Structure formats: C-alpha cells, structure tokens
Amino acid sequence: MAIVHVQGLSRSFRVSEKDPGLAGTLRHFLRRKVRTVEAVRDLDFTIEPGEMVGFLGPNGAGKTTTLKMLSGLLHPSGGRVEVAGHVPAHRQAAFLRRITLVMGQKQQLIWDLPPLDSLRVNAAVYGLDDLEAARRIAELAEMLELGEELHRPVRKLSLGQRMKAELMAALLHRPEVLFLDEPTLGLDVNAQAAMRRFLADYNRRHGATVLLTSHYMADITALCPRVLLIHAGSLFHDGSLEQLTQRLAPRREVRLELADPMPGSAFSGYGEVESCSGRDVRLLVDRDRLTTVVGRLLADLPVLDLEVRDPPIEDIIGRLFRQGNTDQP
Amino acid sequence: MSQPLPSQPRLQRRFGRHRGFPAIASALRIARALFVSQYALMLEFRAEILLWALSGLMPLLMFSLWSGAPAGAAAGISPQAFARYFLAAFVVRQFTVVWVVYAFEEDNLLGRLSPLLLQPLPLVWRYAAAHLAEQATRLPFVVGMVALFFWAVPEAAWIPSPTRLLLALLAAHLGFWLNFLLQHAITMLCFWSERASALERFLFMPYLFLSGLLAPLDLYPEAVRRFALLTPFPSMLYLPAQLASGGPIDAVAGFRTVAVWLALLIPLNLVLWRAGVRRYAAMGG
C-alpha cells in the first residue's frame with residue numbers, strides 16, 4: 001500500500017503586482033492588482049514504502065510547494081494528499097513524528113550552540129529515552145562522519161558539516177518518510193557525494209521513503225530509480241530516468257574515431273551529423289535504427305573506436321525546460 | 001577524514017536520566033531540555049543581557065524624580081517607602097520583561113518557523129523557555145543592582161516578611177505569564193501582518209501609565225486608579241512591587257484580577273495559535 005498518495009493536488013496563490021516608480025506605487029496603493037498563480041496543478045502520484053524518488057523541475061515548477069503540502073506546512077487548494085495514513089494538513093502529532101522535511105536553505109539547529117544541544121531538545125520533543133537518543137546520535141554521527149563537530153557551535157561549522165548536522169536533527173526521530181528539498185545545495189563535490197552515500201545507507205538500513213529534489217542531477221542518478229518531473233505545476237513524467245531519456249531524447253549519440261579523416265557529407269546516410277572534425281565524428285541516430293546503423297558504420301567505414309551514449313540528462317531536461325515543450329506525447 | 005565519535009557514556013551524561021510517570025517525565029524532560037539549551041544560548045549573550053538589564057533602570061530614575069516631590073508626602077508615602085517601591089518595581093520589571101513578539105517576528109521573516117512547525121511541540125513553549133532562561137541569566141545582575149542600591153540608600157534597605165516575599169514572587173511570576181500571554185496574543189497577529197510588533201509598541205503606553213512603572217497607583221486620582229486595577233497592567237508590576245516593598249495592597253483583589261485575565265488570555269492564545277497556523281498554511285508557509 002502506498003505511503004504517499006497524491007490525487008488531483010493543486011495549489012494556487014494570490015500575488016499582488018506593482019509597477020515600478022511613483023506612479024506604480026500610487027496605483028498600487030489605490031488599487032491593488034492581484035493575480036492568481038497556479039503553483040501546482042492537478043498532480044497525481046503514489047510512492048511505495050522504501051522508495052527513493054527524485055522530484056525534478058525547474059525553479060518555480062512547484063516542487064517546494066508540493067513538499068510543503070506533503071509535510072502539512074501548506075494546505076492544498078484542491079485535491080487529496082495522504083502521507084503515512086494521515087492527512088498532512090491536520091498536523092497531528094502522530095503524523096509529525098513519522099515525517100521530516102529538510103530544506104537546504106532553512107535550518108532548525110540553534111546557530112550559536114553546538115548541534116548536540118539542538119539534538120538534545122529534539123530527543124526530548126520526540127520522546128526518545130536517553131539511551132535510545134544516545135544510540136541514534138552515535139549511529140547517525142558514524143554514518144555522517146561527524147565527531148567533535150557536534151560539540152562546536154553551529155556557526156563555526158562548514159556548510160557541509162552544518163548540513164550533516166541538520167540531517168541528524170531531522171532524522172533523530174527516525175522518520176519513515178523523508179522530504180528533502182535541495183539537501184546538497186551549495187555543498188562541494190565531496191560533501192555532495194558523502195551526503196548521497198548517507199542517504200542511500202539510511203534508506204537501506206531503515207527502509208525510509210525518500211522524496212528528493214535537487215538541482216544536482218548526480219544526486220538523482222545516484223539515488224533515485226524513479227523520478228517525477230514537474231513543469232509549470234503539472235506532472236510531466238513519472239518513471240525511470242532511462243524512460244525519461246528515451247521520451248525526451250529519441251536519438252542516441254554515436255561517437256566515432258576513424259582511421260582517416262572524412263567529410264561530414266559521408267555520414268548523411270547514417271544519421272544527423274552533430275559534429276565532424278578530422279577523424280572524430282558525432283552522429284545522432286534514431287534509437288530504433290541504432291543496431292542497423294552501428295553495423296553499417298563498422299562494415300562501411302574505417303572505424304578505430306565507436307561509442308554509443310545518451311546525451312547527458314541535464315542537457316535533455318534543461319532543453320525541455322528552456323523550450324517549455326511539455327505537451328504530453 | 002573521519003572525526004572521533006562522541007562516546008556513548010559522554011552522550012548519556014549530556015542527555016541525563018529520567019524516572020517517574022511517563023507523561024510527566026516526558027513533559028519535564030522537554031521543559032528541562034528547552035530551558036537548558038536556552039540558558040546556554042543566553043549565556044552566550046550575557047554582555048548583551050547585562051545591557052538589557054541596565055536599560056530597565058526606569059523605576060530607579062523615577063525614584064530619583066519622586067524622592068524630592070511633595071506629592072508623595074501628601075499621599076502619605078514616605079521617601080523610604082518610595083525607595084522600596086521603586087527598587088521592588090525595578091526587580092519585578094527585570095523578571096516580567098517580554099519580547100516574544102520580536103523573536104517570533106524575526107523567526108517568521110527569516111523563514112525559521114517552518115522547521116519548528118514540523119515538530120510535535122507548540123512553538124509557545126520554546127519562547128517561554130527562552131524568556132525563563134533569560135530571567136535566570138539576569139538574576140546575578142539584579143542581585144548586584146539591589147546590593148548597590150542598598151549600599152547607596154542604606155535607609156531603604158529592608159527584608160520583606162516571608163509571606164509577603166512568597167506572595168510577591170508568585171505575583172511577579174504570574175505577572176510575567178500575564179505579560180507573556182498578552183504579547184503572545186499580539187504575536188499571533190504576525191500570521192496576518194508581518195509587523196505585529198507595531199501593535200505591541202502601541203500597548204507600551206497604557207503599560208507605562210497603568211502598570212505603576214511611573215508612580216505607585218496610590219498617587220493616581222481615584223477613578224483612574226480604579227480603572228487601572230481592572231486592566232492587566234498593574235498585575236505585571238504594581239501588585240508584586242507593593243507586596244515586596246510592604247506597601248498597602250488588596251492582595252486578594254489583585255490575584256483575582258490576575259486569575260480573570262489569565263482565564264481570558266489562555267483560551268484566546270489557543271484560538272489565535274490555531275487560526276494563525278491555519279493562516280500560515282493557507283498563505284504559503
């Protein structure tokens with residue numbers, strides 16, 4: 001049975017708009033111009049217990065709004081949400097004990113005190129006995145490779161250490177459902193990798209369900225077998241990254257290294273020539289013709305090396321967002 | 001590089017131990033954890049708190065103004081009684097200062113509310129713990145100020161009777177809660193307006209005039225005094241100050257007024273909190 005159940009979820013906001021300058025200010029004062037923005041439109045999806053799902057979309061697509069509705073911080077304008085058997089908007093204590101929401105740009109740790117002080121408060125709030133709290137802190141500290149940092153004021157920690165400590169605070173009560181909104185934002189490559197290792201490990205150990213948004217595609221590719229892609233508030237894709245790639249990039253890239261240089265026109269019968277410089281050639285070939293084309297290339301041309309690859313997922317999704325081409329096929 | 005882990009016994013020492021009835025033990029554990037963390041935080045800002053404590057010198061300034069005025073003698077208040085009243089008012093003021101609206105407003109504007117609202121603990125307890133911790137931090141300064149005052153004005157030195165002292169402590173603490181709940185009710189308006197502290201500043205005027213901060217209410221015209229005693233403001237200063245300084249006071253009527261206002265403010269705060277959280281969730285979190 002699904003642990004996250006979303007049906008027809010919508011959320012709109014009324015925002016006032018003001019033109020710049022004195023005239024705009026006076027007009028704004030006398031008669032407010034208000035328009036309704038649909039942040040999330042008719043979203044449907046379910047997530048099974050223990051799944052790790054990537055939540056993708058450009059800025060302003062409605063990802064954070066959706067996570068806030070799933071965690072009960074925001075009431076939906078329409079539709080139904082159920083998380084761990086609860087309606088999030090009711091904010092029952094039993095529900096709050098089963099979830100967590102980590103927002104990369106917001107913190108719950110007390111800035112001027114060591115993380116252990118905040119953890120101590122959280123342990124008390126979530127009713128953990130002393131032994132259990134100490135055990136969980138030790139476990140999380142080990143997984144996140146935190147030690148003496150827990151005794152240093154939060155303000156003295158690096159961004160990566162602070163984010164790890166934030167995760168400790170958010171996971172101390174061992175929630176079943178994790179909503180993670182850009183948890184690796186601003187971290188360096190090593191810290192991002194450590195965070196990914198931790199999340200995968202946590203999911204394995206505790207069977208937690210994870211819904212993760214990230215601008216770093218490496219987070220999604222490393223952690224999430226399934227992705228939800230939303231654009232302009234609507235769900236565009238629900239499936240694996242491979243399926244998304246096939247859907248958005250129906251052609252694959254064939255890279256050739258030739259024994260002798262050849263003109264680009266020599267490849268027009270095989271596919272679209274993406275680039276041709278000397279002995280290196282890049283072709284785009286329809287997926288359904290790929291096997292045939294590769295066989296012909298090897299048979300017809302002096303090929304030293306051949307590589308078939310998908311275009312980078314960042315490029316594919318980036319192109320989609322730039323084009324705004326989200327019509328359902 | 002892997003860092004040395006805090007040892008489990010060390011963590012257990014920091015987390016302490018608890019026995020007793022589960023619900024009470026849990027509530028006490030939360031209260032203790034909140035207080036200890038907030039006290040640690042306040043000690044980080046002890047210099048700032050010293051300045052805040054010194055900024056509450058107004059009752060002592062009022063004493064210097066009133067000590068030579070004939071109005072006190074006309075009302076039958078001796079210079080010694082004036083001195084004791086204003087010293088008591090200074091002490092009471094130190095332990096009834098409330099700033100929840102400013103803390104909440106800042107948390108709201110800086111986006112710190114969301115993570116806290118996701119915890120199964122109403123925010124009010126965090127702010128209350130912060131206030132109580134701040135009072136504990138002020139305590140040594142206040143003791144020092146009282147000693148200094150007794151040294152400077154030895155004829156005003158006195159020790160209240162145990163009954164009066166206990167009643168004064170109780171009244172001061174209830175006065176704090178009354179002030180806290182009144183300001184917390186205004187704080188809840190932050191869910192509707194980002195600048196609810198403006199209303200709090202507006203309330204400072206009646207507080208200044210009606211609490212007894214400027215002068216003992218006995219010096220006010222009878223009609224004004226009677227009106228003042230119906231408001232919550234004298235309970236925040238005049239009642240505990242009079243009890244501590246040994247001045248004439250109808251303690252029963254005073255505590256009755258406190259009880260009435262608490263009975264009004266507690267449900268009002270609950271209603272405003274629930275409506276405020278609904279509003280927060282409706283407007284965008």
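Four strands of chain A make up an open, antiparallel sheet, and their order across it is 11-12-10-13. Strand 11 (272-277) and strand 13 (303-309) of chain A sit at the edges with a single partner strand each, so one side of each has no neighbour in the sheet. On average, neighbouring strands here are turned by 15° against each other, if you ignore direction. Keep in mind that this is a predicted model.

Zooming in on one pair, strand 11 of chain A runs antiparallel to strand 12 (residues 280-286) of chain A, and the two share 5 bridges. If you want a register marker, Cys276(A) is opposite Val281(A) of strand 12 of chain A. There's a helix to go with the sheet, too: helix 10 (residues 290-300) of chain A lies across strand 10 (251-258), strand 12 and strand 13 of chain A. The angle between helix 10 and strand 13 of chain A is about 165°.

Which residues does Val285(A) touch, once its neighbours within four places in sequence are left aside? The contacts are Arg251(A), Arg252(A), Val254(A), Tyr270(A), Gly271(A), Leu290(A) and Val293(A). Val285(A) itself is part of strand 12 of chain A. Val285(A) counts as buried because it has 20 other C-beta atoms within 10 Å, and the cut-off is 20 or more. As for Val308(A), it is 23 residues away from Val285(A) along the chain, with 9.6 Å between the two C-alpha atoms.

**The domains of chain A**

The domain assignment splits chain A into domain 1 (4-245) and domain 2 (250-309). Their C-alpha centres are 44 Å apart.

**Around strand 6**

Now for strand 6 (residues 177-181) of chain A, which is mostly covered, with 5 of its 5 residues buried. Val177(A), Phe179(A) and Asp181(A) point one way from this strand, while Leu178(A) and Leu180(A) point the other way. That fits a general pattern: in a regular strand, side chains alternate between the two faces of the sheet.

Strand 6 of chain A pairs in the parallel sense with strand 5 (residues 99-103) of chain A, over 5 bridges. It also pairs in the parallel sense with strand 7 (residues 209-213) of chain A, again over 5 bridges. Phe179(A) is a handy reference point: Leu101(A) stands opposite Phe179(A), and Phe179(A) in turn stands opposite Leu211(A) in strand 7 of chain A. To get from strand 6 to strand 7 of chain A, the chain passes through helix 7 (residues 189-206) of chain A, making a right-handed β-α-β crossover.

The loops on either side of strand 6 of chain A each hold a residue with a positive phi that is not a glycine. Arg174(A) lies in the loop between helix 6 (159-171) and strand 6 of chain A, and Glu182(A) lies in the loop between strand 6 and helix 7 of chain A. Why do they count as partly exposed? Arg174(A) has 18 other C-beta atoms within 10 Å and Glu182(A) has 19, so both fall short of the 20 needed to be buried but exceed the 12 that would make them exposed.

| Residue | Phi | Other C-beta atoms within 10 Å |
|---|---|---|
| Arg174(A) | about 50° | 18 |
| Glu182(A) | about 55° | 19 |

**A three-stranded sheet**

Chain A also has an open sheet of 3 strands in the order 2-1-4, with antiparallel pairing. Strand 2 (33-47) and strand 4 (78-83) of chain A are the edge strands, each pairing on one side only. Neighbouring strands of this sheet are turned by 30° against each other on average, direction ignored.

Strand 1 (residues 4-17) of chain A pairs with strand 2 of chain A in the antiparallel sense over 11 bridges. Within that pair, Ser12(A) stands opposite Glu38(A) in strand 2 of chain A.

**Chain B**

How many helices and strands does chain B have? The count is 15 helices and 0 strands. Chain B has 285 residues, and 40% of them count as buried. Among contacts in chain B with a separation of 6 or more, 80% are between residues 24 or more positions apart.

Key
Residues numbered from 1 in each chain as written. Chains lettered and ligands numbered in written order. Predicted model: local features only at pLDDT ≥ 70, side-chain atom pairs only at ≥ 80, totals over all residues. Domains from an automatic or database assignment. Pairing = 2+ DSSP bridges. Axes fitted to C-alpha atoms, helices over the stretch in contact; angles between N-to-C directions. Contact = placed C-beta atoms within 7 Å. Right-handed = clockwise from strand over helix to strand, strands pointing away.
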